[in-house]
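Hi,

Here is the structure I promised to pass on. Have a look at it first, and then read on for what turned up when I went through it.

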Amino acid sequence: MNAELKLFALGTVGVTLVLAALLVTVYGAETGRVLQALAARTPLLLSGSPDFSRFEGGFAANIVISIWAMAIAAVAGTALGVGMISQSFLIRTPSVLVMNVLRNSPWLVVLYAMLYLLPFEIEAFGSVFSFSPMIKAIIGLALPVTANVAEVFRGGVEAVPTGQWESARSLGYRRLQILRRVVVPQAIQFMTPNLMTTYAMLFIGTSLVVVTGADDVLSVARTVIASDGAHYATAIYLYVLFLFFIFCFPIAILTRWLEQRVRVRQ
Amino acid sequence: MTLDFSWLLDPLYQKWLLRGIGTTMLLSLLGMVLMFVIGIAGAALLHLKVRFLQSPVTIFVELFRNTPPLVQLFFLYFMLSEIGLTLTDPVTGGRIPLFTGFTCVVLSLGLYNGAIAVEIIRSGLLAVPAQTVEGARSLGYSRLQTFRYVELPIGLRMSIPPMTSNIVSLIKTSSQAVLVAVADIMYGATQIMLETFRNLEVMLLIWVIYLAIASLAVLVVRRIAAAFRIPGYGS
């Protein structure tokens, strides 16, 4: 953990200093006033409300979207991953195809496509569900991430020695039973770091939901810039960079630490 | 739901799409060049343990890897226009901004994927067998010569699989160019959507085009990898 802690300290302090230096370089003597303006807008950027009364927009919305998208992608990706290692040609080929298509498509294009592909509202079970921009954003982000999760799942399962499969087979387990009771419990340690990287990537990707009209941190930032003047644009974007960094960097460090631990244990 | 692709026959739309594909490819190529320059330089500085430069490189890598390329792009776009560097056009004598949207996109692609490339190339360098490095040293190569003639060529070949996905990621990320009004393929698509209202069809076509560009890139990288293969090192 020591090397990671050092890196964490270096990264946090260093990046904060670099961003602060950039702020001072751009604004010079005005820095104090700009910082005050940033402080006044902090609640809006973080929670989407001017006084932290609700957490429906801003950076909180990014976190909510990322968690829902990851939850959907985890379920769908596991199913797709099981399909990709299926013995039946009829299941394996389409699964691999779907995975490749989803993995190679730009997130922005998928998000745009979801805007138009998903209906405004659907009627099911006698009630009407409407697709808000946020739900469209969640589905649009979950799709490409599903492919990543499926790939991680397959990689993790393949990292478990084949002897485990054979011995479980000789004990009379069926294929799906082996997967559930023997292989996946052992594969989870290989999957965890990669899943965390996938989540960090997804979180970075949530910056794109600004195009769906969801109330995320970038659309709040744009509103703030529109009301306070383009002069503040640099400062606001520096602040948003800092927010994303503070959220994603600890995940990256934790991932590296877990990877080290898995490697040492082998 | 019926899909109507008849708008594709319009020569104007074809021109927009083709020009957009050209711009996207140019953006991606320039971004890749910058990515390799940053990746190799950064990995070399970290690998050779250059004093006083290791920490700045680490901070640079962590900053650009852990923040969204879109925010980086907006930041570059607004900061560089705030500083307001301009060039004098020799033909018209007018002043044009040095950092246009296009330049900012190339910069942000190069910086984000370059920061990832630093890590990729560095782990490729670490995967070079120690015996090979020691062999080169015992033949009298200096530390720099070993790096230049032994470690880097082998390390780059070792890093081909993760680098392929990084290149695909760069091509995918280039679609954000539309958000700073660079006339790439997404821009052409939005123009067509505004005129025809065939939103879904246009988006599906763009999706397919991006898949084709990404697959083409993967094929090219495979060809290059096969041409430069050294038997015994990597696959």
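Contacts in chain B between residues at least 6 apart in sequence are 76% made up of pairs at least 24 apart. For chain A, residues 24 or more positions apart account for 72% of the contacts with a separation of 6 or more. Do keep in mind that this is a predicted model.

On to the make-up of chain B. There are nine helices and two strands in it, and they come in the order α-α-α-β-β-α-α-α-α-α-α along the sequence. The C-alpha trace of chain B spans about 70 × 45 × 35 Å along its principal axes. Of its 235 residues, 46% are buried. The surface that chain B leaves accessible is about 11,600 Å², with 67% of that belonging to carbon and sulfur atoms. As for charge, chain B carries 16 positive and 11 negative charges, and the mean positions of the two groups are 14 Å apart.

Chain A has 10 helices and two strands, running α-α-α-α-α-β-β-α-α-α-α-α from start to end. Its C-alpha atoms fill a box of roughly 75 × 55 × 30 Å along the principal axes. Here 48% of the 266 residues are buried. Chain A exposes about 12,800 Å², and carbon and sulfur atoms supply 66% of that area. It has 18 positive and 13 negative side chains, with the centres of the two sets 13 Å apart.

Both chains have "transmembrane region" annotations in UniProt, from unreviewed entries. In chain B the annotation covers residues 20-48, 69-87, 99-121, 167-190 and 202-221. I looked at two of those spans in the model. Residues 20-48 of chain B are 97% helix and 0% strand, and the end C-alpha atoms lie 41 Å apart. Residues 202-221 of chain B are 100% helix and 0% strand, with 29 Å between the end C-alpha atoms.

For chain A, the UniProt annotation covers residues 7-29, 59-85, 97-118, 124-145, 195-214 and 234-258. Residues 234-258 of chain A are 100% helix and 0% strand, and their end C-alpha atoms are 36 Å apart. Over residues 97-118 of chain A the helix content is 86%, again with 0% strand, and the end C-alpha atoms are 22 Å apart.

Two residues you may want to click on:

- B:Asn113 sits in helix H4 of chain B, which covers residues 101-126. Its relative accessible area is 0%, so B:Asn113 counts as buried, the cut-off being under 20%. The side chain of B:Asn113 makes a polar contact with the side chain of B:Ser169, at 3.0 Å. Leaving aside neighbours within four places in sequence, B:Asn113 is in contact with B:Met35, B:Asn166, B:Ser169, B:Leu170 and B:Thr173.

- A:Ala3 belongs to helix H1 of chain A, residues 2-27. With a relative accessible area of 57%, A:Ala3 counts as exposed, because the cut-off for that is over 50%. The C-alpha atoms of A:Ala3 and A:Leu118 are separated by 47 Å, and the two residues are 115 apart along the chain.

Cheers

Notes
Residues are numbered from 1 along each chain as its sequence is written. Chains are lettered from A and ligands numbered from 1 in the order in which they are written. This is a predicted model: local features need pLDDT of at least 70, side-chain atom pairs count only at pLDDT 80 or more; totals for chains, interfaces and linings use all residues. Side-chain values use heavy atoms; hydrogens and water are left out. Helices (H or I, at least four residues) and strands (E, at least two) are DSSP runs, numbered from the N terminus. Buried means under 20% relative accessible area, exposed over 50%, partly exposed in between (1.4 Å probe, protein chains only). A polar contact is a pair of N or O atoms within 3.5 Å; within protein, one must be able to donate a hydrogen and the other to accept it, and residues adjacent in sequence count only if both atoms are side-chain atoms. Contact means heavy atoms within 4.5 Å. Accessible areas come from the Shrake-Rupley method with a 1.4 Å probe; for residues, only the protein chains shown count as cover. Lys and Arg count as positive and Asp and Glu as negative; His and the chain ends are not counted. The place of a charge is taken as NZ of Lys, CZ of Arg, CG of Asp or CD of Glu. UniProt positions are given in the numbering used here, feature names are shortened, and annotations may be inferred rather than shown by experiment.
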